[in-house]
Amino acid sequence: MDNATTLIFIVISFVTAATAVALTTRLLARYGRTPAPVGASQGATSGTDVLRRYRFREGYLLSDVDADDAFLEAGIDRTAAYKRLVAALLPLSPDLKSHLSALHDRSDPFLIDGRIGKDAVLIGGRMEDDDVLTLSIGPADEKDGRHTVEAATLHALKSELSDLRASLDTGVVPMWKEDDNARVIWANAPYFDLVERLRDGEAPGWPLPRVFASELDVTPAEGTVRRCKIAMPDRDEPTWYEVSRDRLPGGSALFTAQPADRLVRAEGSLRQFLQTTTKTFAALPVGLAVFDRKRQLVTFNPALVALTQAGPEFLSARPDLRSFLDQLREKKRMPEPRDYRSWRDEIAQLEEDAENGTYRQLWELPEGKTFRVMGRPHPDGAIAFMFEDISAEVTLTRQFRADLEMFQAVLDAVPAAIAVFQADGAMIGANEGYGRLWGQDPQILAQMPHLNQACQEWADGCKPSPVWGDIRQFVGHEVERAPWVEEVETKAGLRLAVRMAPTRGRATVVQFLPLDVSLTDPLAELAPDTVTPLLDAARSQVPEDTKRRA
């Protein structure tokens, strides 16, 4: 080879070497590495062929950085080292970010694969007891079937795996894993116990049977549950579970069977209670309408249909409260409002009072019937209305009041002064003659004074007499309850016959009959020549053995 050829060869060699050095420097700079000094060993040049460990506390770098470190410079600011390291490691693995978050939030250790170009690396992370976060990076090339892994990270992973296995085996929730061919490839201890119970105590072996195979012909969709039952040899009733399915990477699926016996029993009790309640409501003569928090009708009974004449089709369509009341208005099953504005105001007031539990009204219908309507609050913002036809009760009450008014008119027509007292001394009635005799204002008389007050008024208006004490004893059932008559005289000189007589309900009638025949004897007007003293007539009606004093 001549000198020119040799020179050209040398030039080409230097150019090639320079190009290689430039490319290597650019690649190393891209991955956070700096070129090693000339003469360094091959292991020091790569910077990733040995296991490296970085320890941080609250983002501050605790460990030292080697001069040939591929990710951090030796003189880096220790407060910024964590961010620099994470920024350099994130391009190596797409899963690193989520694992770092789990490490910070839950102290979950991890060991994941990463790549620097064609080189495979292992990235590990863990939390130490003194709140120190440790990240490790090492080569992932297998040597004799082994990986280079930091011992502490491997121990943390094994500890976590042991805790997870113990957690899955503790409790009563069977869990198992099936491959894409629906074969059980893993199960926890409760699943083994379930298989053993189904085999009447015989220990299960591999391959494990699919316990819920008949119930899971169509597997539940992800995020849903399928209620399944199993006939146990040691139980008369089936055992219920709610089975869920979650997809795992690689086509397998994780199944979880949550025991649901209590839930099934509770639902059965609830259905039975609802059936009983529904039958009870159906037999009630009171119409019931329950509106939920959105004011839609959710429950009604047959009595409501009969009372409101709204129709079962309309009520079954779950109308809202306003539509329901509009229907009642159209059917003339509620009082006719004065105008539309007042109608809307009444609806708003009705709803508010029902929520407070204070709505209670009597609806006078145009046809003459009367409804008692009550509104009561229910749980979760619902309200209930009860409609009761009290037309017969109102008619009876009105008739009773008319009868009372008639009897009161009869008493008022009697010339004698009459008062009725209960056994405890409370006055329960008096006529107009009583008010005229004792100068009682009808307003005061309507308050029904007590016997003690009445006796005091009688004593103040009459001359002294022991009869007032006898009246107290007679009314209070302290003496024999035989009728008797006594004579008293008012301070104005009017002689009165006081007659005591028991009546129904342990009550007592007290009568004051004036003895002036010319003024008070009703027979004097019919037969003026006949003298019939009222005292003698009254005493003649009293048996001889019960007369007190002649």
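**Sheets, a helix face and aromatic pairs in a predicted model**

In strand E14, Thr370 is the residue that sits opposite Glu364. That pairing is one rung of a ladder in what is a predicted model, and the ladder makes a handy way in. Strand E13 covers residues 359–364 and strand E14 covers residues 370–377, and the two run antiparallel with six bridges between them. Further along, Arg360 faces Met374 of E14. The two strands make up a hairpin with five residues in between, and in its turn Gly368 has a positive phi of about 105 degrees.

The hairpin belongs to something wider. E13 and E14 are part of an open sheet of five strands, ordered E12-E11-E15-E14-E13 and paired in the antiparallel sense. Strand E12 (297–300) and E13 take the edge positions; each has a single partner strand, so one side of each has no neighbour in the sheet. From one strand to the next, the twist averages 20 degrees.

Stepping back for a moment, the chain has 550 residues, and 36% of them count as buried. Its secondary structure adds up to 19 helices and 20 strands. If contacts between residues at least 6 apart in sequence are taken, 38% of them join residues at least 24 apart. The accessible surface is about 33,200 Å², with 54% of that belonging to carbon and sulfur atoms.

A second open sheet also has five strands, this time in the order E2-E1-E5-E4-E3, again with antiparallel pairing. Here the edges go to strand E2 (60–61) and strand E3 (110–116): each has a single partner strand, so one side of each is left open, without a neighbour in the sheet. E2 is held to strand E1 (residues 52–57) by two bridges, with the strands running antiparallel. Phe56 has Leu61 of E2 as its bridge partner. Helix H4 (residues 96–106) packs on this sheet and touches E3, strand E4 (119–127) and strand E5 (133–139); the direction of H4 makes about 150 degrees with that of E3.

Strand E10 (residues 253–259) pairs with two strands described here. With strand E6 (residues 175–178), the pairing is antiparallel over four bridges, and Met175 stands opposite Thr256 of E10. With strand E9 (residues 239–247), E10 is joined by seven bridges, also antiparallel, and Arg245 is set opposite Phe255. E9 and E10 form a hairpin with five residues between the strands, where Gly250 takes a positive phi near 90 degrees.

Which residues of helix H15 (residues 451–461) are buried? They are Leu451, Ala454, Cys455 and Trp458. These residues lie on the same side of H15, because they cover an arc of only 100 degrees around the axis. An α-helix has 3.6 residues a turn, so residues three or four places apart point the same way. The cover over the buried residues of H15 includes strand E16 (417–421), helix H13, helix H16 (467–475) and strand E20 (508–514).

H13 (432–438) also leads into a loop, and Gly439 sits there, ahead of helix H14 (442–445). Is Gly439 buried or exposed? Its relative accessibility is 62%, so Gly439 counts as exposed. The C-alpha atom of Gly439 is 9.9 Å from that of Gly461, which is 22 residues away along the chain. Gln327, in helix H10 (residues 321–330), is another story: it is buried, with a relative accessible area of 15%. Neighbours within four places in sequence aside, Gln327 is in contact with Ala310 and Phe314.

Then there are the aromatic rings. The whole structure holds 16 aromatic pairs. One of them, Trp176 with Tyr191, is tilted, at 5.0 Å centre to centre and 35 degrees between the planes. The pair links distant parts of the chain, with Trp176 in strand E6 and Tyr191 in helix H6 (residues 189–198), 15 residues apart. Both residues, Trp176 and Tyr191, are buried. Trp363 and Phe387 make an edge-to-face pair instead, at 5.9 Å centre to centre with 70 degrees between the planes. Because Trp363 lies in strand E13 and Phe387 in strand E15 (residues 383–389), the pair ties together parts that are 24 residues apart in sequence. Trp363 and Phe387 are buried too. Both rings belong to one aromatic cluster, made up of Phe291, Phe324, Tyr359, Trp363, Phe385 and Phe387.

Definitions and conventions. Residues are numbered from 1 along each chain as its sequence is written. This is a predicted model: local features need pLDDT of at least 70, side-chain atom pairs count only at pLDDT 80 or more; totals for chains, interfaces and linings use all residues. Side-chain values use heavy atoms; hydrogens and water are left out. Buried means under 20% relative accessible area, exposed over 50%, partly exposed in between (1.4 Å probe, protein chains only). Contact means heavy atoms within 4.5 Å. Accessible areas come from the Shrake-Rupley method with a 1.4 Å probe; for residues, only the protein chains shown count as cover. Two strands pair if DSSP finds at least two bridges between them. Axes are lines fitted to C-alpha atoms, for helices over the stretch in contact, and angles run from 0 to 180 degrees between N-to-C directions. The arc is that of the directions from the helix axis to the C-beta atoms. Rings of Phe, Tyr and Trp (its six-membered ring) pair if their centres lie within 6.5 Å; planes under 30 degrees apart count as stacked, over 60 as edge-to-face and the rest as tilted.
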